[in-house]
Amino acid sequence: NIRILLDQEAAREGIVSDIHSIRVRETENGVVVNCHARVDGGLNVVAAHVAVDRIERALRETRPDICRVVIHAEPYRHSSHAHRHSANDPAGRLPAA
């Protein structure tokens with residue numbers, strides 16, 4: 001199961017979580033996997049992409065029928081940095097109560 005493999009590799013990587021919006025399609029060249037994953041918003045972009053690239057590579061090595069994996073990294077905020085969105089703060093700039 002591709003979801004299980006993605007979750008296992010994300011856990012092994014340690015900074016990638018909440019893999020979601022998984023789409024799998026068959027092409028004449030093989031299986032293509034697209035999904036989204038959360039990474040710590042405090043990481044720099046290079047570190048986030050290195051982690052995601054390792055997961056993509058591990059998935060292709062584990063499943064030779066997969067010809068392409070694209071994981072879109074999305075930042076998440078730790079709960080201590082959570083922001084609220086309200087009519088008085090539509091951009092979510094005020095700290096959560």
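This is a short walk through the sheet, the helices packed on it, and one residue in the middle strand order. What you have in front of you is a predicted model.

I'll start with the sheet. It is open, has 3 strands, and runs in the order β1-β2-β3 with mixed pairing. The edges are taken by β1, residues 16-27, and β3, residues 66-76; each has a single partner strand, so one side of each has no neighbour in the sheet. From one strand to the next, the twist averages 15 degrees.

As general background, strands of a sheet pair through backbone hydrogen bonds, in either a parallel or an antiparallel sense. Here, β2, which covers residues 30-40, pairs with β3 in the parallel sense, over 10 bridges. To find your place in that pairing, look for Val-32, which stands opposite Arg-68 in β3.

Next, the helices. Helix α1, residues 2-13, packs on the sheet and touches β1, β2 and β3. The direction of α1 makes about 145 degrees with that of β1. Helix α2, residues 45-62, also packs on the sheet, touching β1, β2 and β3. For α2, the angle is given against β3, and is about 150 degrees.

Last, one residue: Asn-34, in strand β2. Is Asn-34 buried or exposed? Its relative accessible area is 15%, and buried means under 20%, so Asn-34 counts as buried. What is Asn-34 in contact with, leaving aside its neighbours within four places in sequence? The contacts are Ser-21, Ile-22 and Arg-23, together with Val-70 and His-72. Ser-21, Ile-22 and Arg-23 fall within the 16-27 range of β1, and Val-70 and His-72 within the 66-76 range of β3.

How values were computed:
Residues numbered from 1 in each chain as written. Predicted model: local features only at pLDDT ≥ 70, side-chain atom pairs only at ≥ 80, totals over all residues. Heavy atoms only, no water. Pairing = 2+ DSSP bridges. Helix = DSSP H or I, 4+ residues; strand = E, 2+ residues; numbered from the N terminus. Axes fitted to C-alpha atoms, helices over the stretch in contact; angles between N-to-C directions. Contact = heavy atoms within 4.5 Å. Buried < 20%, exposed > 50% of the residue type's maximum accessible area, 1.4 Å probe, protein only.
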